[in-house]
Amino acid sequence: MAFQKAVKGTILVGGGALATVLGLSQFAHYRRKQMNLAYVKAADYISEPVNREPPSREAQLLTLQNTSEFDILVIGGGATGSGCALDAVTRGLKTALVERDDFSSGTSSRSTKLIHGGVRYLQKAIMKLDIEQYRMVKEALHERANLLEIAPHLSAPLPIMLPVYKWWQLPYYWVGIKLYDLVAGSNCLKSSYVLSKSRALEHFPMLQKDKLVGAIVYYDGQHNDARMNLAIALTAARYGAATANYMEVVSLLKKTDPQTGKVRVSGARCKDVLTGQEFDVRAKCVINATGPFTDSVRKMDDKDAAAICQPSAGVHIVMPGYYSPESMGLLDPATSDGRVIFFLPWQKMTIAGTTDTPTDVTHHPIPSEEDINFILNEVRNYLSCDVEVRRGDVLAAWSGIRPLVTDPKSADTQSISRNHVVDISESGLITIAGGKWTTYRSMAEDTINAAIKTHDLKAGPSRTVGLFLQGGKDWSPTLYIRLVQDYGLESEVAQHLAATYGDKAFEVAKMASVTGKRWPIVGVRLVSEFPYIEAEVKYGIKEYACTAVDMISRRTRLAFLNVQAAEEALPRIVELMGRELNWDDYKKQEQLETARKFLYYEMGYKSRSEQLTDRSEISLLPSDIDRYKKRFHKFDADQKGFITIVDVQRVLESINVQMDENTLHEILNEVDLNKNGQVELNEFLQLMSAIQKGRVSGSRLAILMKTAEENLDRRVPIPVDRSCGGL
């Protein structure tokens, strides 16, 4: 623990002196040894989890109802709230956690997916001689190393390239990045290095080569944020915390302290969002860890409490994987308006963002077209002109609300805190706000320390440094091979399961359905181009998934990777969940509609579909219009002016192509603007016009019709004289 305290504040002077005495290499070895000892010591304090598997949601609700009083009640199931629950329960405190929606349904699932110290914060710390910024970076780099250690299946180091286009910037950036390595000390993932222009283009061939001088590559961590959040919550549940999603806090309970006469918060009135049932959960201490909704809970405690949350919207977009190398990210340190943009490979796709604009707090943030286009324009500045950055290649987009805070105890209430803030109200409500994903564990530790001190709870020091999260303990990089060999899974599916569930992947594999094929033997996919399988839906229910949205966005990441693929998988997901959860037809339809609305508004489907509307103008050359009309009429043989599924099936059968009716319906529905079950000539021409402008890409109907036309043209009848006179 002493080492952990050192990391938080005093290591700068002591470490510098020690490095001088020992030399840099010996000092690095000494610090690494210290780190390993800290991990072992922390883990030795903790007994084995009380539950082999997290109890069911129903069992957790009974625990919440039947426990006379908890030591700690945490409100909020994001990374910080789940971290608080895990920290508290591993100290031996009787702990409860309630979340109004699903675990990680808010900001914690909508991040840049980086585990980082903050290169730009270090730059500000040096330029402004700001010790607070420096300490924040130092702490984050320590937490980065710990997170990569305790969840190796969900996280990994990622090299990030910083391209340089002016000679004088090369030494400037190099010094800054080297300082980043130096501050990390033994927690440095890998040393940064400089690349020449030619080497930079080898690593990142899509890069803009004009005026490129070279590049600097440094390392940060990357993770699957929603799954990481879930792993924290599930680990807390296994250690004995009563955790329940879809439990809304309606009001705070209060009682008068007989010794002091003060009114104290003593729990919360909770409502099961799924059933409407309400009951009280009593606790000695209540922790508010609700991110952007921090002020709403504070005002439950004191209606006159000053607002401290300064919400900021960050939009990200997802593009096809070919936009970036498979294992190299890109950092744009100075965009046209001064913001930082990351361009990163993630889940075999490319993620770009983030924006940073003031916003209102909402449960359903929506990515704006303005922010999407801003990111696309910045990406164009850094990619080669050979790469056409098209609006239609945005496969998904989302907005997350970053809960920046002002410290209520600060004299300067207008200044936004760069770090997290732990606030204690007059009634004893403890609020943790601010900070960032990477530092969730240290934020939780500070919060529980404050809770113990304020409410005189009996507990020892934090024990979460080095504590493996669910799935991490017995994971290895070659675990997926056993899944292939033992269960007959596809290699890609096995790698996905190992990287998502860690050592729990075998339990998912046991649930996998037989495919009926020679290979793979088991593992029916939900969507052909993604490695998610049907067994994950069944297993997701064991992980507290209650809705179809939970499944497409957080148990799997389909909604974050491709909204069209997510919509395509929805009917099967709802069918499987309905079978497990006994949904009737009305409930299934409700789940479908809710999930489609989620995709439409929150995952960018609305912005994507608006690129092709019934008000779109057709701007095609006359020659193009004639060509596309001829293609259309090869399907519309009866000259009706529209085509239906029957027309498409007829053409496909003539070229010996089989496609099921449901798939054809989905393909036509993407273009059927007025949703009348048919595609008119005008709609088809609008589609082709939008494709030419780059507003739409990957239209299955356009590709299908072009391919069919080419096959039809090749089927020219052979003259009789060319066939030796026939029979």
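**A guided tour of the predicted model**

Begin by selecting residues 623-658, where the chain is 64% helix and 6% strand and where the end C-alpha atoms lie 32 Å apart. Keep in mind throughout that the model on your screen is predicted. The stretch you have just selected is one of two that UniProt, in an unreviewed entry, lists under "domain: EF-hand", the other being residues 659-694, which you may wish to colour separately.

Next, move to strand E1, residues 70-75, and display the structure around it. Here 6 of the 6 residues are buried, so the strand is largely enclosed by the rest of the structure. Add strand E10, residues 278-288, to the selection, and you will find that E1 and E10 pair in the parallel sense over 5 bridges; within this pairing, Val 74 stands opposite Ile 287 of E10. Then add strand E2, residues 95-98, which runs parallel to E1 and is joined to it by 4 bridges. Val 74 serves again as a landmark, since its bridge partner in E2 is Leu 97. To follow the connection between these two strands, trace the chain from E1 through helix H5, residues 79-89, to E2, a β-α-β crossover that is right-handed.

Finally, turn to the surface and select Met 127, Trp 168 and Tyr 172, which together form a nonpolar patch with about 380 Å² of accessible area. Met 127 can be located in helix H6, which covers residues 119-127. Is Met 127 buried or exposed? Met 127 has a relative accessible area of 58%, and because residues above 50% count as exposed, Met 127 is exposed.

Notes: Residues numbered from 1 in each chain as written. Predicted model: local features only at pLDDT ≥ 70, side-chain atom pairs only at ≥ 80, totals over all residues. Heavy atoms only, no water. Patch = residues over 30% accessible without salt bridge, like charges linked within 9 Å, V, L, I, M, F, W, Y side chains within 5 Å. Areas by Shrake-Rupley, 256 points an atom, 1.4 Å probe, with all protein chains shown as cover. Salt bridge = Lys/Arg side-chain N within 4 Å of Asp/Glu carboxyl O. Buried < 20%, exposed > 50% of the residue type's maximum accessible area, 1.4 Å probe, protein only. Pairing = 2+ DSSP bridges. Right-handed = clockwise from strand over helix to strand, strands pointing away. UniProt positions renumbered as here; feature names shortened; annotations may be inferred.
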